[in-house]
Amino acid sequence: MDGPDATALGDDDAELVGDLLDGSHRALARVITRIENRTAGYRGIVAALHEHTGGADVIGITGAPGAGKSTLVDKLASAYRDRGDTVGVVAVDPSSPYTGGAVLGDRIRMASNVGDMDVFFRSMSARGQLGGLSMATADAVKALDAFGKDAIIIETVGAGQNEVDVVRTADTVAVLVQPGSGDDVQTLKAGILEIGDVFVVNKADMDGAERTLAELEEMVHRREGPTKGLDGGHHGFEVPDHPDDESDGDADGSAEWSPEVCRTVANTGEGVDSLIETFDAHATHLRESGAIEATKQRRYAEEIRTLVRSDVGALATAEIERHGGIEALAASVRRRETDPYSVAAEIVGPIAECVEADADGAERPESATER
Amino acid sequence: MSAEQETQAVRCLVAKVGLDGHDRGAHVIARAFRDAGFEVVYSGLHRAPDEIVQAAVQEDVDVLGISILSGAHNTLVPKVIEGLKEYDAFEDTLVLVGGIIPDDDETELKKLGVAEVFGPGTPMEETIEFIRNNLPERA
């Protein structure tokens, strides 16, 4: 159905990729638009860019609305620029589930990098895509990476699975917390604690900052606790004080990153430099411990899975159309002529047959190039 | 891949340029655009022409709506348009101006490449309709 050219590069697209690699801002912007729109041929573009990626430190910043993410991103970008790094920012805002419209306001805070084209700031909206948002963000990051940005920041509101997925496309994840944002039970919610490599108490000049800092410190240590406990349980089967245990323990100590808690006042820029140092420390840790390879591989695995799932989903959607459309099928189930399971089996049947025929060794030209 | 759904959206930049602190109109427009299903990037107040150009290029917007109520449109709008041309972005960006613009100036602005000028009291639907009908063709 797709033909073998899902990742083929058209002449225009090849030119666009060439312009992007040559440093044209316009081409970079245009490529990100194609990625967002899923314009025909965008896969070829991303595929062509892939080999040029891998040079950037990717940092994800998440936190509740009003925690100061945009302001902090602005100051971070300017601090990176001060030391000569170029910066890309992808800011993700929610869109209306009713009209699809969105007001993307993160740009308002970008006041420190006026007219500096080496800070490439791009707003993206969720566009109601199921799981597609993290895909689009990851691809936009690739475009910025291939363009040659040294540091790439992904900024998103930390509410719900979608945003967590988005932020997980980063190497280093910072979770922003503002003082007085509730007791420690709030922080336990929604898996926020597990995704953070660095926790930042922003607006640290406000009342209650010390307490929030202390609570986070405690949380982070408690988070370390359970894993260690499990390790202990495992080791419990072995003879205590066995000589082999020593090396085991050492490896554990160096491979495990213990989350840092930092404090910033994004408005004034206080603490931003030391925050960047922490980011660097984490990046160095990832590289030296080899964890970066594992992280990247896990991310690519996820990416492949998402792509395959969405492609297979598209096949299924086409198959539903061939069977008369979802409305007609639903109507026949409502009239008790059939049931949802039988309908699903009927639709998936032909696809499954093709796959099985393929597995039996039949040569199919499509399968060779399908990504 | 043909089966994959394209999800195109109209992207607009609503920009306040120069020393002009009146942003109620820009807010109302931004909201109306959002409700029309557009993706609206709002620039914030007191932006320099350079910043507007930077934002329009990086965000790759289809529509650039400049709101000016300070009377400085004859200085500021040409700078923005020049900047867009510099980045090769003028051809496929629909440039609109909103605000209080005298008739003579309106003619001049349109000669420069502004697609339309919307004065006070323009119904929201008219602006949205105009955008829908005049969206630049993009490759």
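Which residue of β8(A) stands opposite A:V201? I started my notebook with that one, and I kept in mind that this is a predicted model.

**Entry 1: the β7 and β8 pair**

I looked up A:V201 and found A:R263 of β8(A) standing opposite. Then I checked how the two strands are joined. Strand β7 of chain A covers residues 198-201, and 4 bridges tie β7(A) to β8(A). The two strands run parallel.

**Entry 2: the whole sheet**

Next I wanted to see where that pair sits. I traced an open sheet of 7 strands in chain A. I wrote the order down as β4-β2-β5-β1-β6-β7-β8, with parallel pairing. Which strands are at the edges? I noted β4 and β8 (260-263) of chain A, since each of them pairs on one side only. I also looked up the turn between neighbouring strands of this sheet, and it is 20° on average, with direction ignored. A reminder to myself: strands of a sheet pair through backbone hydrogen bonds, in either a parallel or an antiparallel way.

**Entry 3: domains of chain A**

I then went through the domain assignment of chain A. I jotted down domain 1 (1-52), domain 2 (54-289) and domain 3 (307-369). How many residues of domain 1 are in contact with domain 2? I got 12 residues of domain 1 of chain A, which meet 11 residues of domain 2 of chain A. On the domain 1 side, α1 (11-21), α2 (25-37) and α3 (42-50) of chain A are the elements giving two or more residues. I found that α2(A) gives the largest share there, 6 residues. Sorting that side of domain 1 by class, I had 8 nonpolar, 3 polar and 1 charged.

**Entry 4: chain A meets chain B**

Now for the contact between the chains. I noted 39 residues from chain A and 35 residues from chain B. On the chain A side, the elements that give two or more residues are α2, β3 (102-104), β4 (119-125) and α12 (291-322). Which element gives the largest share of that side? I found α2(A) again, this time with 7 residues. By class, the chain A side has 15 nonpolar, 14 polar and 10 charged residues.

**Entry 5: strands across the chains**

Last, I followed β3(A) over to the other chain. I saw that β3(A) pairs with strand β2 (residues 39-42) of chain B, in the parallel sense and over 3 bridges. I picked out one residue here too: A:L104 stands opposite B:V41 in β2(B).

Key:
Residues are numbered from 1 along each chain as its sequence is written. Chains are lettered from A and ligands numbered from 1 in the order in which they are written. This is a predicted model: local features need pLDDT of at least 70, side-chain atom pairs count only at pLDDT 80 or more; totals for chains, interfaces and linings use all residues. Domain bounds come from an automatic or database domain assignment. Two residues are in contact if their C-beta atoms, placed from the backbone, lie within 7 Å. Helices (H or I, at least four residues) and strands (E, at least two) are DSSP runs, numbered from the N terminus. Ala, Val, Leu, Ile, Met, Phe, Trp, Tyr, Cys and Pro count as nonpolar, Asp, Glu, Lys and Arg as charged, and the others, Gly among them, as polar. Two strands pair if DSSP finds at least two bridges between them. Axes are lines fitted to C-alpha atoms, for helices over the stretch in contact, and angles run from 0 to 180 degrees between N-to-C directions.
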